[in-house]
Amino acid sequence: MSPADDERSAAARTKRQRLEAREAAILAAAEEEFSAHGFDGARMAEIARRAGMGEGTLYLYFRTKNDLLSAVTGAFWGRLTAAAEAAVAPHQGAFARLRALACFHLERVMADFTLLELATRLRHAPGYDPQWEIEQRRAYVAVFDGIVQQGIDRGEIAATVKRWMLRDVFYGTLEYSARTLLLHGRGETGPVVDHLMGLLAVHDPRTGGAETGDGAGPDLARIAERLDRAVARLERRDAAS
C-alpha cells in the first residue's frame, strides 16, 4: 500500500470514528430526554442541544423521533446483554446462574422501567415490524436460553423441560413483580427472586421434583399452581396497602 493509500485509509478511519462518536452522543442525549420527558414530551431540538449539535445535524442521522427511539432501544438491549453476561459469569451451576440473572433482570427492569415502557410505543408506530423487536431481544434472551441448555446438558435441568414456557415464567414473574414493586414504592427484590427460584426448582431432576415422563403434565401444573398463588399473594398485598 502506497503512502497515499495509507493516508486515505487513516482519513476514512478518522471520519468513521468521528461519526460513531457523534451518533453515540446523540443516543446518550436521546435516552436522557426520553427518560425525563417521555416520547411525547421529548423534543428533537433539546436532544440536539444535549448532544452538542444543531437540530438540522440531528436530522441527518435520524429522520424521525420514532427512528431515534428505535436506535436508543437497540443500544439499550446491547448494553443489557453485555451486562447480563457479566453478571452470570462468576457463578457455577445452572440454578446459581439463573438466580444471578434473575437478580440482574429485576434490578435493571426497575431501574430502566421508563425506557422499557417507551419501547412498547414502537409497536404502534406506522410500519412497525414485529421481527425487529424479536431481533432486538434475541441476544439478551439467549443468555437465559444458554444457561438452561447448559443445565440440561449437565443433568441439572430436566431434559423434558419446555424452554419457552420456562422462559415465560422467568421473565413474566420478574416483570410483573417489578411493576408491582415500583407501583407501591417497595424495594424488596429478594423475596421475588427466592419465590421464582422455587418455581424453577421443580425442573431439577436431582431433587426428584422434575421427572414427569413426557414433561407436559405435573411439571406445568405445579408451575401454574405456584404462579397463581404468587399472583394472588401480590394482589392481596396490593389491596391491603
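Among contacts in the protein chain between residues at least 6 apart in sequence, what percentage join residues at least 24 apart? In this predicted model, the share of such contacts that join residues at least 24 apart is 68%.

## Overall fold

The protein chain is built from 10 helices and has zero strands, so that, as DSSP runs numbered from the N terminus, its elements read α-α-α-α-α-α-α-α-α-α. Of the 241 residues in the chain, 39% are buried, and the accessible surface comes to about 12900 Å², with 54% of that area belonging to carbon and sulfur atoms.

## The nonpolar core

The largest nonpolar core has 57 residues, and those that touch the most other members are Phe 34, Leu 68, Leu 98, Leu 101 and Phe 170. Two or more core residues come from each of helix 1 (3-41), helix 2 (44-51), helix 4, helix 5 (94-111), helix 6 (113-119), helix 7, helix 8 (163-183) and helix 9 (189-200), and among these elements helix 5 gives the most, with 10 residues.

Phe 170 offers a view of how this core is joined: when residues up to four places away in sequence are not counted, Phe 170 touches Leu 98, Leu 101, Ala 102, Phe 144, Leu 196 and Leu 200. Two of these partners, Leu 98 and Leu 101, are themselves listed with Phe 170 among the core residues that touch the most other members.

## The largest pocket

The largest pocket has a volume of about 600 Å³, and of the 24 residues that line this pocket, Trp 77, His 105, Arg 137, Tyr 171 and Glu 175 are the closest to its centre. Helix 4, helix 5, helix 6, helix 7 and helix 8 each supply at least two residues of the pocket lining, which by class holds 10 nonpolar, three polar and 11 charged residues.

## The enclosed cavities

The structure also holds two cavities of 30 Å³ or more, and the largest of these contains about 60 Å³ of space. The lining of the largest cavity is formed by Thr 73, Trp 77, Ala 119, Thr 120, Arg 123, Trp 132, Glu 133, Gln 136 and Arg 137, a set that divides into three nonpolar, three polar and three charged residues.

Helix 4 (65-88) and helix 7 (130-153) each supply at least two residues of this cavity lining, and helix 7 gives the most, with four residues. Trp 77 and Arg 137 appear both in the lining of the largest cavity and among the residues closest to the centre of the largest pocket.

Definitions and conventions: Residues numbered from 1 in each chain as written. Predicted model: local features only at pLDDT ≥ 70, side-chain atom pairs only at ≥ 80, totals over all residues. Heavy atoms only, no water. 1 Å grid on protein atoms, 1.4 Å probe; cavity = no way out; pocket = protein on both sides within 12 Å on 5 of 7 lines; lining within 4 Å. Points joined across faces, edges and corners; volume = space filled by probe spheres on them. Nonpolar A, V, L, I, M, F, W, Y, C, P; charged D, E, K, R; others polar. Core = buried A, V, L, I, M, F, W, Y, C linked by side-chain atoms within 4.5 Å. Buried < 20%, exposed > 50% of the residue type's maximum accessible area, 1.4 Å probe, protein only. Contact = heavy atoms within 4.5 Å. Areas by Shrake-Rupley, 256 points an atom, 1.4 Å probe, with all protein chains shown as cover.
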